[in-house]
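User: Hi! I have a protein model open and would like to walk through it with you. Can we start with one residue and work outwards?
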Amino acid sequence: MTGAGGTTTAARFLGAAGDIPVDTPRVPAREAARDELADPRYHEHDPNLLERGVDRFWQWIGDLFAGAADAAPGGTAGLVVLALAVIGLGAALWWRLGTPQRPARTERPVRGGTALSAAEHRAAAAAHAAARRWTEACQDRMRALVRALEDRAVLEPRPGRTADEAAAEAGRLLPAYADRLRSSARLFDDVTYGGRTADESAYRALCALDEDLESAQPLLAATAGSEER
């Protein structure tokens, strides 16, 4: 049995329940939820842009391999066999053809476009040697050697002459120095075009050859020709 007090309590309860906005329109409710979720405290632990990019990349890789596995006969096992076959084919080609070779080296003139005297080349070589730049020192000393042979008319002055050509021509007129001339030309080519570096002993050897050639007497052209025959 419900008395007056019970009726009042029930009415109060129903009145409180009637205050709940059960009839809120859909659009305002969606906007309210969006505004609430936009609060930064809900996104403190979200991945940053880089992390999201990395995740998408690995997801793309996974999808790619999954698609390849589906397309390959035998599924994943077939894909592994196919990859091993490709690797084996590449190894066989490498073994058969060898390491790719560099293009043939084009020889260039031993002396560049700047016309320096033998003394000037020697001075430049000495300056490089003092700074322990042995590669540059060897280059300038070889140029001094060739220029000195031209000044003495052992070699005909020719700007386009290579180190090998100079050594071969001078070696025919100075046969006692032919081997040392060839070695010096080879050194010049190696350090200038082959990417190698010279050392002090190579520079000293070039200096000694240059000095020895200063007093060397060339053979007459006719005599040199008869010795070749």
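Analyst: Happy to! Let's begin with A153, which is exposed, with a relative accessible area of 62%. Keep in mind that this is a predicted model.

User: Where does A153 sit?

Analyst: A153 is in the loop that lies between α6 and α7. Its backbone is worth a look too: phi of A153 is near 65 degrees, a positive value in a residue other than glycine.

User: Why point out the sign of phi?

Analyst: Because most residues other than glycine have a negative phi.

User: Which residue in the loop between α5 and α6 also deserves a look?

Analyst: Try R132, which lies in that loop between α5 and α6. R132 is not a glycine, yet it has a positive phi of about 60 degrees. Is it tucked in? No: R132 has 56% relative accessibility, so it counts as exposed.

User: OK, zooming out. How many helices and strands does the protein have?

Analyst: There are 10 helices and 0 strands. Reading from the N terminus, the elements go α-α-α-α-α-α-α-α-α-α.

User: And what share of the 229 residues is buried?

Analyst: Buried residues make up 25% of the 229. As for how the chain folds back on itself, take the contacts between residues at least 6 apart in sequence: 65% of them join residues at least 24 apart.

User: Let's talk helix packing. At what angle do α6 and α9 pack?

Analyst: The angle is about 10 degrees, and the axes of α6 and α9 are 9 Å apart. The two helices are therefore roughly parallel to each other. The crossing of α6 past α9 is left-handed.

User: Which residues of α6 and α9 meet there?

Analyst: On the α6 side they include W134, C138, M142, L145 and L149, and on the α9 side they include Y203, L206, C207, L209 and L213. By class, the residues of the contact of α6 with α9 divide into 14 nonpolar, no polar and 6 charged.

User: Is M142 buried or exposed?

Analyst: M142 has a relative accessible area of 1%, so it counts as buried. This residue is found in helix α6, which covers residues 134-151. You can also look from M142 across to A163: their C-alpha atoms are separated by 8.2 Å, and the two residues are 21 apart along the chain.

User: Which residues are buried in the helix α7?

Analyst: In α7 (residues 163-173), the buried ones are A163, A166, A167, A170, G171 and L173. Seen down the axis of α7, they fall within an arc of 155 degrees, so they line one face of the helix.

User: Back to α9. How do the axes of α5 and α9 cross?

Analyst: The axes of α5 (residues 118-130) and α9 (residues 200-214) come within 12 Å and cross at roughly 155 degrees. That makes α5 roughly antiparallel to α9. Their crossing is left-handed.

User: Who meets whom in α5 and α9?

Analyst: R122, A125, A126 and A129 in α5 meet Y203, D210 and E214 in α9. Sorted by class, that contact of α5 with α9 has 4 nonpolar, no polar and 3 charged residues.

User: Last one: what does H128 touch?

Analyst: Leaving out residues up to four places away in sequence, H128 touches R133, E136, A137 and D140. H128 itself lies in helix α5, and at 18% relative accessibility it counts as buried, because the cut-off for buried is under 20%.

Definitions and conventions: Residues are numbered from 1 along each chain as its sequence is written. This is a predicted model: local features need pLDDT of at least 70, side-chain atom pairs count only at pLDDT 80 or more; totals for chains, interfaces and linings use all residues. Side-chain values use heavy atoms; hydrogens and water are left out. Axes are lines fitted to C-alpha atoms, for helices over the stretch in contact, and angles run from 0 to 180 degrees between N-to-C directions. Helices (H or I, at least four residues) and strands (E, at least two) are DSSP runs, numbered from the N terminus. Angles under 35 degrees count as roughly parallel, over 145 as roughly antiparallel, 65 to 115 as roughly perpendicular and the rest as oblique. A crossing is left-handed if the near helix is turned anticlockwise from the far one by less than a right angle, and right-handed if clockwise. Contact means heavy atoms within 4.5 Å. Ala, Val, Leu, Ile, Met, Phe, Trp, Tyr, Cys and Pro count as nonpolar, Asp, Glu, Lys and Arg as charged, and the others, Gly among them, as polar. Buried means under 20% relative accessible area, exposed over 50%, partly exposed in between (1.4 Å probe, protein chains only). The arc is that of the directions from the helix axis to the C-beta atoms.
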